[in-house]
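Reader: I would like a close look at a single part of this model, followed outward to whatever surrounds it. Please take your time, and keep the reasoning explicit wherever a classification depends on a threshold.

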Amino acid sequence: MRIGHGFDAHRFCEGDHVVIGGVRIPHTHAMLAHSDGDVLIHAICDALLGALGLGDIGRHFPDTDPAYAGIDSARLLQRVMASVRDGGWRLGNLDATVIAQAPRLGPHIEAMRRRLAELLEAAPEQVNIKATTTERMGYTGRGEGISAHAVVLLQEAADGAA
Ligand code: MG
């Protein structure tokens with residue numbers, strides 16, 4: 001087995017929706033980012049790359065590269081999953097926490113779980129997404145942005161265990 005951890009944060013900018021966990025959520029702001037600013041998917045990519053010992057998302061998809069401008073982060077996760085497969089691994093489970101004062105994420109958690117399971121080539125039962133506020137403390141609490149933590153466990157693809 002291999003374990004990996006990822007963290008990401010993005011600042012709000014002008015806009016009318018955010019994309020978190022591959023799900024579009026209407027909001028009073030958007031995420032300022034080179035890509036679509038999906039903090040949760042970025043944290044998951046970093047957790048997977050960490051488990052693989054392959055560095056981080058910035059190394060694989062540099063934010064100076066115009067190829068990744070405005071890119072759907074689901075595409076990045078699919079690329080990372082190709083590395084997971086190529087290495088002979090598959091997802092054991094993912095546990096992640098999104099930290100946001102707003103928008104309210106509760107109603108979108110199940111959709112994120114289903115979408116992420118699809119992207120991670122796993123069953124929804126292998127994916128757990130949590131959301132919390134910081135009770136108005138710190139940069140997420142002041143509504144300056146959103147952050148996310150992710151932990152993944154990878155299992156050898158051949159071992160057959162679920
Ligand atoms: Mg990011």
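Author: In this predicted model, H149 belongs to strand β7, which runs over residues 145–156. Its relative accessibility is 32%, and because the partly exposed class lies between 20% and 50%, H149 is assigned to that class. Leaving aside residues up to four places away in sequence, H149 is in contact with H5, G6, F7, A43, D95, A96, T97 and I99. Several of these contacts can be placed on named elements: A43 falls within helix α1, which covers residues 39–52, while D95, A96, T97 and I99 fall within strand β5, which covers 89–99. Another residue of α1, I41, has its C-alpha atom 9.8 Å from that of H149, although 108 residues separate the two along the chain.

From here the metal site can be described. The magnesium ion is coordinated by D8 through OD, by H10 through NE2 and by H42 through ND1, at distances of 2.1 to 2.3 Å. In sequence these donor residues follow the spacing D-x1-H-x31-H. Both D8 and H10 are buried.

Helix α1 also packs against another helix, and two packed helices are described by the angle between their axes and the distance between the axes. The axes of α1 and α4, the latter spanning residues 109–119, come within 12 Å and cross at roughly 40°, and the crossing is right-handed. On the α1 side the contact is made by L40, I41 and I44, and on the α4 side by M112, L116 and L119. Sorted by class, this contact has 6 nonpolar residues, with no polar and no charged ones. I41 therefore appears twice in this account, once in the C-alpha separation from H149 and once in the contact with α4.

Beyond the contact with α4, helix α1 also holds C45, whose relative accessibility is 0%, so that this cysteine counts as buried. C13, by contrast, counts as partly exposed because its relative accessibility is 22%, above the 20% under which a residue would be called buried. The structure holds 0 disulfides. D56 lies in the loop between α1 and α2, the latter being residues 57–60, and its C-alpha atom is 7.8 Å from that of C45, with their positions 11 residues apart in sequence. Not counting residues up to four places away, D56 touches D46 and L49, and at 38% relative accessibility D56 counts as partly exposed.

The loops on either side of α4 bring in some backbone details. Most residues other than glycine have a negative phi, and most peptide bonds are trans. Between β5 and α4 lies the loop that contains P103, and a cis peptide bond, with omega about 0°, joins A102 to P103. In the loop between α4 and β6, where β6 is residues 127–132, E121 has a positive phi of about 55° although it is not a glycine; its relative accessible area of 47% makes E121 partly exposed. A further positive phi, about 50°, is found at E135, again not a glycine, in the loop between β6 and α5, where α5 is residues 138–141. E135 counts as exposed, because its relative accessibility of 66% is over the 50% that this class requires.

Key:
Residues are numbered from 1 along each chain as its sequence is written. This is a predicted model: local features need pLDDT of at least 70, side-chain atom pairs count only at pLDDT 80 or more; totals for chains, interfaces and linings use all residues. Side-chain values use heavy atoms; hydrogens and water are left out. Helices (H or I, at least four residues) and strands (E, at least two) are DSSP runs, numbered from the N terminus. Buried means under 20% relative accessible area, exposed over 50%, partly exposed in between (1.4 Å probe, protein chains only). Contact means heavy atoms within 4.5 Å. Donors are N, O and S atoms within 2.8 Å of the metal (3.2 Å for Na, K and Ca); water is not among the atoms, so sites may look incomplete. Axes are lines fitted to C-alpha atoms, for helices over the stretch in contact, and angles run from 0 to 180 degrees between N-to-C directions. A crossing is left-handed if the near helix is turned anticlockwise from the far one by less than a right angle, and right-handed if clockwise. Ala, Val, Leu, Ile, Met, Phe, Trp, Tyr, Cys and Pro count as nonpolar, Asp, Glu, Lys and Arg as charged, and the others, Gly among them, as polar. A disulfide is a pair of cysteine sulfur atoms within 2.5 Å.
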